Structures are given as structure tokens and as C-alpha cells.
Amino acid sequence: MNLKNANIVLTGASSGIGKELLDRLMEYDCTIVATARTMEEVEAPERKNVYFKNFDLKHPSEIDGLFDYAFEKMGRIDLFIANAGFMYYEKIDSPDYEHIEEIFRVNTTGAIYAAVKMKEICGDRPYNFVAVSSGFGFISYPGYALYCSTKAALRGFGQGYKYELKPNQHYQSVYPIAVKTDFFRKAGCDAPPKPQQSVKHVAKTILRGIEKDKGEIYPSKSFWFMKTFMPYLLNLGVLMEKRKFRKNLP
């Protein structure tokens, strides 16, 4: 798709990949509704074509409110980037339904709900929907079991749902590996898995993939190669994380 002058909704825009995407999208003269639970923490620049507003996307009413707000400000949506998400770094010792439900609501259910709502609203009109998943959607690391499962579920949805769209409509899945942001630290892990990529590289790759209407976007070519041709090598990373996990969370 052509990003220039596009009308865009971006979730999870207050930090990490989302904030970097926001900064880069401003260069395309698009109109953007940027949202997160903590947008007030962002030093929002004064721009007439960027609208900042808080929405808590674990609630369907808040997602509906986001769509209403976007149409009020922009009149239509050409691109929806579902980037909102968080993780736990933990040892799961006891069943906690609310704990499990919360991460699925934000990382998976909310994104799926938004994707289907986007289709309903746009009808036969062209649009792109981008779901930021994770390389963790292909392989699960100790300490991140719930997070990995949310991303695996999102990957599974996208693989089937994209075939329900019209030829001029695109569901795009993004699979970054660990990114050099505060994402892991906020989850309680001070030593994120390696290798890591810069947030600038990841955002640049995502936008390039959107422009080319790629169904799957891999910021790390090495990860794509291993996942495709040598998946057994990914297990080495699991073994390394296993040692760290047993040391940090015995």
C-alpha cells in the first residue's frame, strides 16, 4: 500500500516498536490516531494530523471506542497496526484465571477483534491490517510460556483469516525477535534473550513490508532462515534460556 497521506490507527504507540513506528510514519504525511493505555507518558508533538488518545484495548468497548474516535477524526481507516501487547517473565506456580485472561485479551483477543471489525467496517474497500506477533509465536521459551502462547494463537488466526479477505485487502503478520527496548525489563527480565535487534531496524522493516503488502514480515532474515530450513537450531536458544530461567526463577 501507499503510506503517503494514508489514514492510520496505531496501537501500543507509547513505547518501543509502536513509538518508533509513530515517529517514522509522521514522515509520510499521513493522518494518525495513536493510542495506548499510557499515551499521557509520551511527549506528543503538536501536529495537526496526529491524534493521541488513551484506550485500554483489553476491553471490547474500548476497541469500539477507538474505531469511533478514528472515524470521527479521519473519516476512514486505510491501515490498522495492532502493536499493543505485553509479556510476563514468570514461573507459573498456581492457576490464576484473571492473570491468564488479561494477557490474552491484550495480545490476542483484542487484535483479532480489531481485525474482524476492520473487515466489517471496510466491506469491500481496500485496507491493510498489521498484527505485530513475535518470533516467540514459533517457539516457546521458559519463563515466557503465556506470552509465547498468545503470539502463537495470533499467528494461527492470521494464517487462516487472511484467506477470507478480498484480493485488495491484506492481513500482515510481523515476527520480530527480541528488540532492544524496555519491553523485557517491564516484564521482569533484566537479561533478554539474544540476539537482539534495534527498534529502528524493526520499524523500518515493518513499514517496508507494509508498502509491499507482504503477508509475513520478518525483521530478522536469520530467524526466517532458521525457522524455515533449520528449525532444530532454534532449540539451542531454548536450552540457553532454560539455564537462565532456572537460575533466576528457581
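**Note on the predicted model: D96 and the parallel sheet**

1. D96 is found in the loop that links β4 to α3, the latter spanning residues 97-122. The model under review is predicted, and the remarks below should be read accordingly.

2. D96 has a relative accessibility of 34% and therefore counts as partly exposed, since that class lies between the limits of 20% for buried and 50% for exposed. The D96 side chain comes to 3.3 Å from the backbone nitrogen of E98.

3. With respect to E211, D96 is separated by 115 residues in sequence. The C-alpha atoms of D96 and E211 lie 41 Å apart in space.

4. The sheet is open and consists of seven strands, whose order is β3-β2-β1-β4-β5-β6-β7, with parallel pairing. At its edges stand β3 (50-54) and β7 (216-217), each of which pairs on one side only.

5. Helix α1, covering residues 16-25, packs on this sheet and touches β1 (7-11), β2 (31-36), β3 and β4 (79-82). The direction of α1 makes about 160° with that of β1.

6. Helix α2 (residues 60-74) lies across β1, β2, β3 and β4. Relative to β2, helix α2 runs at about 155°.

7. At the β7 edge, the pairing partner is β6, formed by residues 169-174; the two strands are joined in the parallel sense over two bridges. Within this region, S173 is placed opposite E216 of β7.

Key:
Residues are numbered from 1 along each chain as its sequence is written. This is a predicted model: local features need pLDDT of at least 70, side-chain atom pairs count only at pLDDT 80 or more; totals for chains, interfaces and linings use all residues. Side-chain values use heavy atoms; hydrogens and water are left out. Two strands pair if DSSP finds at least two bridges between them. Helices (H or I, at least four residues) and strands (E, at least two) are DSSP runs, numbered from the N terminus. Contact means heavy atoms within 4.5 Å. Axes are lines fitted to C-alpha atoms, for helices over the stretch in contact, and angles run from 0 to 180 degrees between N-to-C directions. Buried means under 20% relative accessible area, exposed over 50%, partly exposed in between (1.4 Å probe, protein chains only). A polar contact is a pair of N or O atoms within 3.5 Å; within protein, one must be able to donate a hydrogen and the other to accept it, and residues adjacent in sequence count only if both atoms are side-chain atoms.
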